[in-house]
Amino acid sequence: MANTYTQIFYHIVFSTKNRVRCINKERQDDLYGYIWGIHKNLNCHLYRIGGVEDHVHILTSIHPTVALADYIESVKTGSTSWIRREDVFRDWPGWQDGYAAFTASFAEKDALIEYIKRQEEHHQTVSFLEEYQAHLEQAGIAYDPKYLA
């Protein structure tokens with residue numbers, strides 16, 4: 001076959017180191033725009049990015065030549081360099097070492113986009129830790145709670 005066809009949606013979640021609440025609303029869109037640029041440079045498609053002061057959700061499909069771990073490293077290191085260079089967020093600790101990545105179906109795409117859009121509203125009643133654990137459990141991923149604290 002002459003072409004490669006993929007349709008793999010990733011719902012990716014990661015937080016600031018120690019979940020420091022430093023991603024302020026005033027510059028949040030600037031961060032998201034910078035991450036969108038990273039996607040563009042990697043030939044990936046960003047469907048939606050959103051979050052709150054201590055974490056980010058991304059719905060993306062990555063180019064077939066890009067490994068998920070390499071994609072995450074590019075997003076985290078690139079955005080951290082930009083944040084520090086431009087002094088975007090006060091007391092920026094960096095991103096947490098790990099991340100969660102879940103595959104999603106085409107049928108789930110629109111609901112995930114809406115879910116990511118409503119992060120601020122969602123986190124009025126649900127903490128990041130509760131949300132993260134729920135995603136892991138829903139995906140059937142075994143985890144050690146000591147790494148979530």
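**Exercise 1. Place histidine 55 in the structure and describe its surroundings.**

Step 1. Histidine 55 belongs to strand 3. The model is a predicted one.

Step 2. Decide whether the residue is buried or exposed. Its relative accessible area is 0%. Buried means under 20%, so histidine 55 is buried.

Step 3. List the polar partners of its side chain. The side chain of histidine 57 makes a polar contact with that of histidine 55 at 3.3 Å. The side chain of glutamine 119 is also joined to that of histidine 55 by a polar contact, of 3.3 Å.

Step 4. Add the contacts, leaving aside neighbours within four places in sequence. Histidine 55 then touches Val13, Phe14, Ser15, Ile23, Gly50, Gln119, His123, Phe128 and Glu131.

**Exercise 2. Work out the order of the strands in the sheet and find its edges.**

Step 1. Take the pairings one at a time. Strand 1 and strand 3 run antiparallel and are joined by six bridges. In this pairing, valine 13 is opposite histidine 57 of strand 3.

Step 2. Strand 1 also pairs with strand 4 (residues 100–104), in the antiparallel sense, over five bridges. Here tyrosine 10 has threonine 103 of strand 4 as its bridge partner.

Step 3. Strand 2 pairs with strand 3 over seven bridges, again in the antiparallel sense. Glycine 50 is opposite histidine 57 in strand 3.

Step 4. Put the pairings together. The four strands make an open sheet with the order 2-3-1-4 and antiparallel pairing. Strand 2 (45–52) and strand 4 each have a single partner strand, so they are the edges, and one side of each has no neighbour in the sheet. On average, neighbouring strands of this sheet are turned by 15° against each other, direction ignored.

**Exercise 3. State which strands each of helix 1 and helix 2 touches.**

Step 1. Helix 1 (residues 25–41) packs on the sheet and touches strand 2 and strand 3. The direction of helix 1 makes about 155° with that of strand 2.

Step 2. Helix 2 also packs on the sheet, where it touches strand 1, strand 3 and strand 4. The direction of helix 2 makes about 45° with that of strand 1.

**Exercise 4. Explain why strand 1 is described as largely enclosed.**

Step 1. Sort the residues of strand 1 by the way they point. Phe9, His11, Val13 and Ser15 point one way, and Tyr10, Ile12 and Phe14 point the other way.

Step 2. Check burial. The residues pointing either way from strand 1 are all buried.

Step 3. Conclude. Because seven of the seven residues of strand 1 (residues 9–15) are buried, the strand is largely enclosed by the rest of the structure.

**Exercise 5. Compare the setting of threonine 65 with that of cysteines 22 and 44.**

Step 1. Threonine 65 sits in the loop between strand 3 (55–61) and helix 2 (68–86). Its relative accessibility is 68%. Exposed means over 50%, so threonine 65 is exposed.

Step 2. The side chain of threonine 65 makes a polar contact of 2.8 Å with the side chain of histidine 63. Asparagine 43 is 22 residues from threonine 65 along the chain, and their C-alpha atoms are 9.3 Å apart.

Step 3. Turn to the cysteines. Cysteine 22 has a relative accessible area of 9% and is buried. Cysteine 44, at 12% relative accessibility, also counts as buried.

Step 4. Look for disulfides. Zero are found in a search of the whole structure.

Methods
Residues numbered from 1 in each chain as written. Predicted model: local features only at pLDDT ≥ 70, side-chain atom pairs only at ≥ 80, totals over all residues. Heavy atoms only, no water. Disulfide = S-S within 2.5 Å. Buried < 20%, exposed > 50% of the residue type's maximum accessible area, 1.4 Å probe, protein only. Helix = DSSP H or I, 4+ residues; strand = E, 2+ residues; numbered from the N terminus. Polar contact = N/O pair within 3.5 Å; in protein donor to acceptor, adjacent residues only side chain to side chain. Pairing = 2+ DSSP bridges. Axes fitted to C-alpha atoms, helices over the stretch in contact; angles between N-to-C directions. Contact = heavy atoms within 4.5 Å.
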